[in-house]
Amino acid sequence: MTTNYPYSTAEGSDVRVRFCPSPTGTPHVGLVRTALFNWAYARHTGGKFIFRIEDTDAARDSEESYEQIIDALSWLNLDWDEGINVGGPHGPYRQSQRSDIYAEVIEKLKATGRVYESYSTPEEIEARNLAAGKDPKVGYDNFDRDLTEEQKAAFRAEGRLPALRVRVPDEDITFDDLVRGEITFPAGSFPDFVVVRPNGDPLYTLVNPVDDAIMQVTHVLRGEDLLSSTPRQIALYHALIDAGFTTHIPRFGHLPYVMGEGNKKLSKRDPEANLFHHRDRGFIPEGLINYLALLGWSLTHDRDVFTIHEMVKAFDVVNVNPNPARFDQKKADAINADHIRLLELEDFTARMIPYLQAGNVLSNDPTDEQLDILAAAAPLVQTRMNVLSEAPELLEFLFTPAEQITYAEDALKGLPENAGEVIAASVGALELIPQAEFTHDAIQAALNEALIEGLELKPRIAFGPLRTAISGRRISPPLFESMEILGKADTIKRLVRFNER
RNA sequence: GGCCCCAUCGUAUAGCGGCCUAGUACGCUGGCCUCUCACGCCGGUAACACGGGUUCGAAUCCCGUUGGGGUCACCA
């Protein structure tokens, strides 16, 4: 019974968790959240985080996807202690390179009798179920469990090769899920399952638990979709313990789904499922990690913006919420915006550069003058962005020559009748400011005097035309600061050009 | 269909038997600030799926119902 097959009791620095994606497509935010929780648990406990790749499906796996997964972890700063590219005592860490290990395991497993040869084809199984009046959905009928040597020889004589199945014990299987509590699967819930194809290829059902066993994984934290395969893995673990590959069954914790719109799992088709979509939009790692952590976990009752360090300090998988969480783009953006505001100014400035380049606002090799403008403008826009891809739209006018400014339709439409007069008066006032004193305070004072007091305009009416003339937009960073950055000559040039258009 | 999981404002969550006439955040919304837009600040909106228990007392424990989801491959 289960007393013979103990669960891991590891804690603290003895904890060993792993992240083991199969490289089939772009990294999904659900996958990333799984990586994050495993990583956070390892860092919290002081244990080890192992990263291996489950590339046993040659038809679907790709090298591109493999590289993207590494790119994703690196971008998010989720580092690992053993595995891909860093090595470790249980390598190699790509399953496609572990065939010899699996071959040895398979031989030993056969010797224990917990794994047996099965010659039934899917067609034969279905036919038998139908003949017995059973729903074909019940699956395999354990037909080959006790084949005699003569029967096996007869099948082989027909040229048939056996798949290998695990003999599922005829008893209830119970485990204590770290996020859901005790879960019991009654005896007979599932039939003996295939772990090795007739051609000798081991399946996920074998290699995943085998590698966890060999790598001495103590806590398996993974998606809820694998919950119903857990009793099968536990059955296999019994065999692995019998065969001497390990001594304990890991603890399991099944993390809730990340859902999309409606009530369906966020599918690979949804753009917001794609991690890189968020990176391209201008999520910063701090923001995305924070938001993803919120999907099933919380730091405290009254605060949801936190650093990765705060998360590591507080994270325990037993506090993960079992119910599925909807991915809410608006909330994610808001969290990201908060993290953008938390950045040091220089850091924020630097992080905008790739997005400005992508938006053709900055060249690949920005000039010192451009960098000076950016540094001056950065504080004006740090509270005006949710995602960094908003930077080009907001800052473009500062990097565009006066003669190339275009005026947005909605900006022109909202202008007052006397826009020309306002601008003319502004030019006159600004001309009087000495070049060296062309600061936002001086600009504001001059314009206030000329427009608000002189022409007796409401500020809203007074500054709208100037904003449009300067930026071409209805909405822009603060006006006087923008004028200061542009400088006296360029500012006046823009105003004059606007009135001459 | 069998088996399994899940169930607090629209969304994410706090809550682990009394502190709850249910807190926080996003969203939406009223206002203040204000050169636009933001930020910031003040306020509003809105939830314990249902029915039985257990208990002096239940959002919290138990059972059932309903609803949702997953899984039943020689995919992972």
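Q: Buried means under 20% relative accessible area and exposed means over 50%; in this predicted model, are F37 and F315 buried or exposed?
A: Let's place them before giving the verdict. F37 sits in helix α1, while F315 is in the loop between α10 (308-314) and β12. As for their accessibility, both F37 and F315 are buried.

Q: How is the ring pair of F37 and F315 classed, by the angle of its planes?
A: A pair of aromatic rings is described by the distance of the centres and the angle of the planes. Under 30 degrees would be stacked and over 60 edge-to-face, with the rest tilted. For F37 and F315 the centres are 5.0 Å apart and the planes sit at 45°, so the pair is tilted.

Q: How many residues apart in sequence are the parts that F37 and F315 tie together?
A: One partner, F37, belongs to helix α1, and the other, F315, to a loop between α10 and β12. The pair therefore ties together parts of the chain whose separation in sequence is 278 residues.

Q: Which residues do ring pairs link into a cluster?
A: The structure holds eleven aromatic pairs, and F37 with F315 is one of the ring pairs here. Follow the ring pairs and you get a cluster made of F37, W297, F306 and F315.

Q: Which residue lies over the face of F37?
A: We've met F37 as a ring partner, but a charged residue also comes into its picture. At 5.3 Å from the ring centre of F37, the residue lying over the face is R33.

Q: How many of the residues of α1 are buried?
A: Helix α1 runs over residues 29-45 and has 17 residues, reaching 24 Å from its first C-alpha to its last, close to the expected 24 Å. Just after α1, G46 takes a positive phi of about 85°. The helix is largely enclosed by the rest of the structure, because the buried count is 14 of the 17.

Q: How is the pair of Y119 and F155 classed?
A: Both residues are buried, with Y119 in the loop between β4 (115-118) and α4 (122-131) and F155 in helix α5 (residues 149-157). Planes under 30 degrees apart count as stacked. The ring centres of Y119 and F155 are 5.0 Å apart and the planes are at 10°, so the pair is stacked.

Q: What share of the atoms of RNA strand B within 4 Å of the protein belong to sugar or phosphate?
A: Quite a crowd gathers here: 59 residues surround RNA strand B, and the closest are D57, R180, G296, T383 and R467. By class, the surface near the strand has 24 nonpolar, 15 polar and 20 charged residues. On the RNA side, bases make up the rest of those atoms, while the share from sugar or phosphate is 75%.

Q: Which elements give two or more residues to the surface near RNA strand B?
A: Start with some contacts: polar side-chain atoms of R180 and K331 each approach a sugar or linking oxygen of the strand, at 2.4 Å for R180 and 2.6 Å for K331. A backbone N or O atom of R474 lies 3.4 Å from a sugar or linking oxygen too. The elements giving two or more residues are β7 (181-185), β12 (325-326), α11 (329-342), α18 (459-471) and α19 (479-486).

Q: Which residue does R18 meet in a side-chain polar contact of 2.9 Å?
A: R18 has its place in strand β1 (residues 16-19). R18 is buried, with a relative accessible area of 3%. Across the 2.9 Å polar contact, its side-chain partner is D212.

Q: What is the omega of the cis peptide bond between G91 and P92?
A: Most residues other than glycine have a negative phi, and most peptide bonds are trans. P92 is in the loop between β3 (82-83) and α3 (99-112). The bond joining G91 and P92 is cis, with an omega of about -5°.

Q: Is N360 buried or exposed?
A: N360 lies in the loop between α12 (345-358) and α13 (368-381), and has a positive phi of about 60° although it is not a glycine. Anything over 50% counts as exposed. With a relative accessible area of 67%, N360 is exposed.

Key. Residues numbered from 1 in each chain as written. Chains lettered and ligands numbered in written order. Predicted model: local features only at pLDDT ≥ 70, side-chain atom pairs only at ≥ 80, totals over all residues. Heavy atoms only, no water. Helix = DSSP H or I, 4+ residues; strand = E, 2+ residues; numbered from the N terminus. Expected span 1.5 Å × (residues − 1). Buried < 20%, exposed > 50% of the residue type's maximum accessible area, 1.4 Å probe, protein only. Near = heavy atom within 4 Å. Polar contact = N/O pair within 3.5 Å; in protein donor to acceptor, adjacent residues only side chain to side chain. Nonpolar A, V, L, I, M, F, W, Y, C, P; charged D, E, K, R; others polar. Phe/Tyr/Trp six-rings, centres within 6.5 Å; stacked < 30°, edge-to-face > 60°. Lys NZ or Arg CZ within 6 Å of the ring centre and 35° of its normal.
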